[in-house]
Amino acid sequence: MTELTRRTILAGTAAVVAGSSGSIPTQAAAPPAGKQAPGFYRYKVGSHEVTVLTDGARSFQLTESYVTNAPIAEVRKALAEAYLPPDKMIHHYAPIVINSGAKLILIDTGSGPGALKQTNGELGQLPQNLAAAGIKLTDIDAVVISHFHGDHVNGLLDESNKLAFPNAEVLVPATEWKFWMDDGEMSRASKGRMEDLFKNNRRIFDALGRKVTQYEWNKELAPGLVPIATVGHSIGHTSYVLASGAAKLYIQSDVTNNPDLFARHPDWSANFDQDGPQAIATRRKVYDMLVAEKMLVQGFHYPFPSLAHVEKSGSGYREIPVPWSPTI
Ligand SMILES: [Zn+2]
């Protein structure tokens, strides 16, 4: 048996490179595809069929203010430990559709088709991935919103600010609705991001004629789908348990953003957590429960297909992605 050392591997690579001009064609017969495959993935939770769809991913320059309570050097180190570029942050976005047998339920909408142009196709991919998955926008019976940030609500509208899911009932957390649609709260909002969020929510929900169904935590939204209060990221931030028979899935929404940072370091606050200390307490409580119950978690901002188990790791947690299954 040949012993593989760094030297023999490198020597082998050199031989291939040296030989390539003679024997390996430099151009493939077919042109490169130049674009990614559609992003959807299916699995079952008991009798429910879940389709995860990517709305895209966006990378941006990491700044000092991204994590508000850790030095940027530590954040860079955490990214490097996950084999990610240490100077950039990547946000992933993954709404899901639950087929309960009786209804097609979309949870969160992504940034909407309008974002496709603004981001050169990086975001706003949900409609095209729904089409690739064979799900028509008109077939969606209900859209359940976890919280009122743009990456979760903007896709309620299409490019011409019309209802993207014309036949769907839109269900929103009552606490979230009360806060964001309150004129007094809006008048007290800090300039910049918070004020923009208030304006954006009025833009979206006014276009819907404010026709929504407000829901309360712990009351079933559909058979087996229960909304759970996981506040901190926003005032009415909501997660869900989907159960069928013995099978259970925790749909965490934004309890963490990218787990490489915020599951490993649950005490770090992202600048978009409305109440940092509350978000940290919620994160620890949810993740301790996920570990104890060995429960599957679907994470809106986890790398696609955003499905994992979690375990304790050091003073934080580590996610173990579920392997791709070619059958469901
Ligand atoms: Zn989000």
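**Exercise 1. Helix α2 and its surroundings**

Just after helix α2, Y83 adopts a positive phi of about 60°, and in this predicted model the helix that precedes Y83 can be examined face by face. Determine which residues of α2 are buried, and what they pack against.

*Solution.* Begin with the burial of the side chains: in helix α2, which covers residues 72–81, the buried residues are I72, V75, A78 and L79. Next, consider their directions as seen down the helix axis; they fall within an arc of 115°, and therefore line one face of α2. This can be set beside the general geometry of such helices, in which there are 3.6 residues a turn, so that residues three or four places apart point the same way. The packing partners of the buried residues of α2 are strand β4 (88–93) and helix α9. Finally, turn to the other side of α2, where A73, K77 and E81 are exposed.

**Exercise 2. A salt bridge within one helix**

Establish how K77 and E81 are related in sequence and in space.

*Solution.* The closest N and O atoms of K77 and E81 are 3.5 Å apart, and the two residues form a salt bridge, for which the cut-off is 4 Å. Along helix α2 the two are four residues apart, which means that about one helical turn separates K77 from E81. As for accessibility, K77 is exposed at 52% relative accessibility, and E81 is likewise exposed, with a relative accessible area of 52%.

**Exercise 3. Salt bridges between elements**

How many salt bridges does a search of the whole structure find, and which parts of the chain do the pairs D183–R202 and D273–R283 join?

*Solution.* The search of the whole structure yields 12 salt bridges. One of them joins the side chains of D183 and R202, at 2.8 Å from N to O. Since D183 belongs to helix α7 (residues 183–187) and R202 to helix α8 (residues 193–207), this pair ties together parts that are 19 residues apart in sequence. The burial of the two partners must be taken separately: D183 is exposed, with a relative accessible area of 57%, whereas R202 is buried at 10% relative accessibility.

For the second pair, D273 and R283 form a salt bridge whose closest N and O atoms are 3.7 Å apart. Here D273 lies in the loop between α9 and α10 (276–293), while R283 lies in helix α10, 10 residues away along the chain. Both D273 and R283 are buried. In addition, D260, R264 and E319 are linked in a network of salt bridges.

**Exercise 4. The zinc site**

Identify the protein donors of the zinc ion, and decide how their geometry should be classified.

*Solution.* The donors are D151 and D254, each through OD, together with H152 and H301, each through NE2, and they lie 2.0 to 2.3 Å from the zinc ion. The angles among these four donor atoms run from 90 to 174°, and the site is classed as irregular. The reason is that a tetrahedral assignment requires all angles to lie between 85 and 135 degrees, and a square planar one requires opposite donors over 155 degrees apart with all others between 65 and 115. Along the chain, the donors follow the spacing D-H-x101-D-x46-H. Within this spacing, D254 and H301 are 47 residues apart and link distant parts of the chain, D254 being in the loop between β12 (247–253) and α9 (259–262), and H301 in the loop between β13 (296–299) and β14 (307–313).

**Exercise 5. The environment of D254**

Is D254 buried or exposed, and which side chain of opposite charge is nearest to D254?

*Solution.* With a relative accessibility of 4%, D254 counts as buried, because the threshold is under 20%; its fellow donor H301 is also buried, at 1%. D254 has no salt bridge, and the nearest side chain of opposite charge, that of R193, is 7.8 Å away. Once neighbours within four places in sequence are set aside, the contacts of D254 are H147, D151, H152, H233, H237, F300 and H301. Among these contacts are D151, H152 and H301, which are themselves protein donors of the zinc ion.

Terms used
Residues are numbered from 1 along each chain as its sequence is written. This is a predicted model: local features need pLDDT of at least 70, side-chain atom pairs count only at pLDDT 80 or more; totals for chains, interfaces and linings use all residues. Side-chain values use heavy atoms; hydrogens and water are left out. Donors are N, O and S atoms within 2.8 Å of the metal (3.2 Å for Na, K and Ca); water is not among the atoms, so sites may look incomplete. Four donors count as tetrahedral if all angles lie between 85 and 135 degrees; four count as square planar and six as octahedral if opposite donors are over 155 degrees apart and all others between 65 and 115; anything else is irregular. Buried means under 20% relative accessible area, exposed over 50%, partly exposed in between (1.4 Å probe, protein chains only). Lys and Arg count as positive and Asp and Glu as negative; His and the chain ends are not counted. Contact means heavy atoms within 4.5 Å. The arc is that of the directions from the helix axis to the C-beta atoms.
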